[in-house]
Amino acid sequence: MKRTAALLLTLGALTLPMAYAQIPVTPAPNQQVLLESDNPQLKANKKLVYDFWREVFEGGHLDKADQYLSEDYIQHNPNVPTGRDGFVNFFAQYSQPKPIRDEISGPLVSIVAERDMVILSFVREHQDPNEAGKTYTTTWFDMFRIENGKIAEHWDPAVK
């Protein structure tokens, strides 16, 4: 009986409106620390994705895509075509090469690697739909599968 009452109180508390402010999502203070791993393969996978993001995605050096993306790269974002050529042709519309930065310029929160997967997570700021002029932060992610030393697949939470 006590367990049931405690469970009901907990569930009730979780469904009540929160009376405190959201804790903002903040970027990592040192991106280089995020690249570390005791496992050499996971470390290499993190570095591959990190460099791809800096050089190709943010830097606009689409000519380097073949260094990072497999030819039959699978894209799960509904707005971007699949395949390395599809990726390059799509982003060629929006980006021009610029100097490559030493770090990812987007507000990077973490890099997680496990097996053949690497996840980059970023701070994402949105307008608060309940309070005009206010914003809130949440987390955006990009997940990659590595195969034979190249990015073979990508996921993110994008919608059409």
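Visitor: How many aromatic pairs does the structure hold?
Guide: The model is a predicted one, and ring centres have to lie within 6.5 Å of each other for two rings to pair. On that basis, the number of aromatic pairs that the structure holds is eleven.

Visitor: Which parts of the chain does the pair of Phe52 and Phe144 link?
Guide: Phe52 and Phe144 form an edge-to-face pair, with 6.0 Å from centre to centre and 75 degrees between the planes. Both residues are buried. The two stand 92 residues apart and belong to distant parts of the chain, namely helix α3 for Phe52 and, for Phe144, strand β4.

Visitor: Which residues of helix α5 are buried, and on which face are Asp85 and Asn89?
Guide: In α5, which spans residues 84–92, the buried residues are Arg84, Gly86, Phe87, Phe90 and Phe91. They lie on the same side of the helix because they cover an arc of only 160 degrees around the axis. Asp85 and Asn89, which are exposed, are carried by the face turned away from the buried side.

Visitor: What does the buried side of α5 pack against?
Guide: The buried residues of α5 pack against two helices, α3 and α4, and against two strands, β1 and β5.

Visitor: Which residue of strand β1 pairs with Phe87 of helix α5?
Guide: The pair is edge-to-face, with 5.9 Å between the centres and 85 degrees between the planes, and both of its members are buried. Since one partner lies in β1 and the other in α5, the pair ties together parts that are 14 residues apart in sequence. The partner of Phe87 is Tyr73.

Notes
Residues are numbered from 1 along each chain as its sequence is written. This is a predicted model: local features need pLDDT of at least 70, side-chain atom pairs count only at pLDDT 80 or more; totals for chains, interfaces and linings use all residues. Side-chain values use heavy atoms; hydrogens and water are left out. Buried means under 20% relative accessible area, exposed over 50%, partly exposed in between (1.4 Å probe, protein chains only). Helices (H or I, at least four residues) and strands (E, at least two) are DSSP runs, numbered from the N terminus. The arc is that of the directions from the helix axis to the C-beta atoms. Contact means heavy atoms within 4.5 Å. Rings of Phe, Tyr and Trp (its six-membered ring) pair if their centres lie within 6.5 Å; planes under 30 degrees apart count as stacked, over 60 as edge-to-face and the rest as tilted.
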